[in-house]
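Open the model in your viewer and keep the selection tool at hand. We will go from stop to stop, picking side chains as we go.

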Amino acid sequence: MSDPAFQQCINPVCRATYAIDEVRVACLSCGSLLDIQYDWGKLPRVKSLNFFEHRWSTKGTQVEGRLDFSGVWRFRELMPFFRSEDQVVTIGEGRTVLQQADLLARQMHIKPGNLLLQYEGLNPSGSFKDNGMTAAFTHAKMVGARKVACASTGNTSASLGLFAALAEMKGIVFIGSGKISFGKLSQALDYGALTLQIQGDFDACLRRIKQIATNVPAMGIYLMNSVNPFRLEGQKSIMYRILEARGWDPPDWIIVPGGNLGNCSAFGKAYAELRELGLVKKIPRLAVINASGANTLNALYTKQGLRWNDGNVDRETIGKHYAALDEANYKPHTVASAIEISRPVNLPKALRALETMNGVVREVSDDEILEHRAMVARWGFGCEPASAASVAGLRKLLDEQVISRDESVVCILTGHELKDPNATVQYHTGIDMKSVQELAPRIEPRGKLSNRPIQVEDSLEAIIVAMGGDPALVEGMEMKQSKSVLPGIEY
Ligand code: F0G
């Protein structure tokens with residue numbers, strides 16, 4: 001390929017490549033996930049990470065100033081898939097900070113200075129998702145997309161809604177009915193996204209939207225979930241900012257909650273590339289924390305020993321695990337609704353990241369999540385329940401002496417505290433505001449911009465109609481809601 005940036009299948013026996021301006025969410029030949037790859041030799045060389053420091057001081061509203069202002073694009077030489085700087089869709093995302101959390105450290109019996117919180121709730125839509133959306137929207141603009149869509153536990157839909165509004169694209173979000181926290185739902189509605197509440201959970205929503213994006217091209221949907229490899233390019237920047245805040249000295253540990261496993265996959269890719277470019281000497285260890293009610297990664301990685309294995313991931317083990325979930329009619333269930341996912345689409349990439357970063361996986365209970373969420377807030381910051389899984393996971397790893405109290409640890413706080421006020425109110429008062437909402441009287445919304453969510457049954461035809469499409473497009477195509485509906489490999 002002459003373009004120094006291209007897309008490539010992660011399956012080592014396939015490695016098919018695709019041009020950067022193709023729209024793909026899976027490899028055409030084998031169905032595996034795709035990576036964005038760079039031929040670094042053909043690109044301007046970054047000799048040292050110090051190079052990025054001067055950008056903090058760039059001023060102005062011109063393109064260079066706007067890109068330097070973004071905590072994602074000030075590292076643009078490390079994600080050079082765009083063709084021209086004018087194409088970048090940025091709203092000032094990623095200006096987040098690494099906080100030294102000494103008060104919390106004291107509670108956790110960690111040395112002052114050794115516990116750091118990367119506060120991604122400070123993003124424009126209140127979660128880390130904006131880091132990825134800016135990159136995926138840049139690609140969407142490059143390829144002329146008009147309609148963008150995602151399945152979401154909430155934050156992806158909020159972020160998509162915001163970027164779609166500003167990029168003047170039609171935003172469509174699929175959310176599992178009754179699953180999303182109120183803060184996140186309110187954002188999707190407010191930004192004007194067509195909000196479809198599908199009868200089912202996140203996994204069902206993701207299957208449907210992938211099905212439509214792949215098999216119903218006439219709908220013209222550009223998929224914004226983290227199977228979109230451009231999302232992960234932007235999410236790499238979280239690692240760069242942590243390095244930057246530490247004078248380019250990697251911490252000993254990075255701890256992150258795991259849901260669909262896009263974030264941890266991006267972190268592994270960031271470090272693999274920094275190592276390849278000779279820009280870091282040390283790679284931190286990674287800990288990915290599941291909620292016990294949505295613990296696929298922990299079950300497979302820690303309990304069953306599943307590994308990346310040079311890309312030859314043991315699909316039989318995964319298949320058996322999913323078959324057992326189906327058999328038991330298992331539904332993921334956790335107070336951390338953001339990570340209530342039992343079929344994480346980025347599983348193979350997460351296994352690769354765990355290998356790159358010598359990682360561990362753990363799960364934490366809802367009580368542990370809620371207690372640690374309250375501690376994070378009480379001692380200075382604030383985050384939504386899923387984010388606190390990272391701090392609860394740290395506690396577990398300290399107790400197990402996997403992490404020592406002398407090591408430097410960064411916990412990623414993935415979403416803002418106000419994303420899920422119900423969880424907070426219920427923790428402090430015992431009142432379940434969500435069930436009170438069910439009883440609230442309903443009136444016809446009268447606002448000029450009112451944007452009501454639409455309830456849709458989990459059927460392809462009903463969803464196409466709700467999206468404004470012609471049901472004839474999918475005639476005879478109805479597929480059962482089983483994992484076999486997806487083309488290619490479903491891990
Ligand atoms: N924390 C928060 C606050 C999230 O919203 C998510 C994912 C995660 C952690 C997990 O990140 O999927 O990269 O492993 N939320 C997605 C959504 C799934 O739809 O908003 P992951």
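Is Glu-85 buried, partly exposed or exposed? Select Glu-85 and show its surface: at 34% relative accessibility, this residue is partly exposed. Please keep in mind throughout the tour that this is a predicted model.

**Stop 1: around Arg-76**

Stay with Glu-85 and add Arg-76, its partner in a salt bridge whose closest N and O atoms are 3.1 Å apart. Arg-76 counts as buried, with a relative accessibility of 4%. Now extend the selection to Arg-55, Asp-68 and Glu-77: together with Arg-76 and Glu-85 they make one network, joined by salt bridges that share partners.

**Stop 2: a link along the chain**

Next, select Arg-83 and Asp-3. Their closest N and O atoms lie 2.7 Å apart, in a salt bridge. Colour by sequence position here, as this pair ties together distant parts of the chain, 80 residues apart. Arg-83 sits in the loop between helix H1 (63–69) and strand S4 (97–100), while Asp-3 belongs to the segment before strand S1 (5–9). Arg-83 is partly exposed at 47% relative accessibility, and Asp-3 is partly exposed at 23%.

**Stop 3: Asp-39 and Lys-42**

Pick Asp-39 and Lys-42 for another salt bridge, with an N to O distance of 3.4 Å. Asp-39 has 30% relative accessibility and counts as partly exposed; Lys-42, at 45%, is partly exposed too. If you would like to go on looking for such pairs, the whole structure holds 28 salt bridges.

**Stop 4: the cysteines**

Now show the cysteine sulfurs. How many disulfides does the count come to? The count is zero. Select Cys-9 and Cys-30 to follow the reasoning: a disulfide needs sulfur atoms within 2.5 Å, and the sulfur of Cys-9 is 3.5 Å from that of Cys-30, its closest cysteine sulfur, so the two are too far apart for a bond. Cys-9 is buried, at 0% relative accessibility. Move on to Cys-383, which is also in no disulfide: its nearest cysteine sulfur, in Cys-411, is 9.6 Å away. Cys-383 is buried as well, with 0% relative accessibility.

**Stop 5: a negative patch**

For the final stop, return to the surface and select Glu-457, Glu-461, Asp-470 and Glu-475, which form a negative patch. Zoom in on Glu-475, found in the segment after helix H17 (460–466). With 64% relative accessibility, Glu-475 counts as exposed.

Note on methods:
Residues are numbered from 1 along each chain as its sequence is written. This is a predicted model: local features need pLDDT of at least 70, side-chain atom pairs count only at pLDDT 80 or more; totals for chains, interfaces and linings use all residues. Side-chain values use heavy atoms; hydrogens and water are left out. Buried means under 20% relative accessible area, exposed over 50%, partly exposed in between (1.4 Å probe, protein chains only). Patches are made of residues with over 30% relative accessible area and no salt bridge: like charges are joined within 9 Å, nonpolar side chains (Val, Leu, Ile, Met, Phe, Trp, Tyr) within 5 Å. Accessible areas come from the Shrake-Rupley method with a 1.4 Å probe; for residues, only the protein chains shown count as cover. A salt bridge is a side-chain nitrogen of Lys or Arg within 4 Å of a carboxyl oxygen of Asp or Glu. Lys and Arg count as positive and Asp and Glu as negative; His and the chain ends are not counted. The place of a charge is taken as NZ of Lys, CZ of Arg, CG of Asp or CD of Glu. Helices (H or I, at least four residues) and strands (E, at least two) are DSSP runs, numbered from the N terminus.
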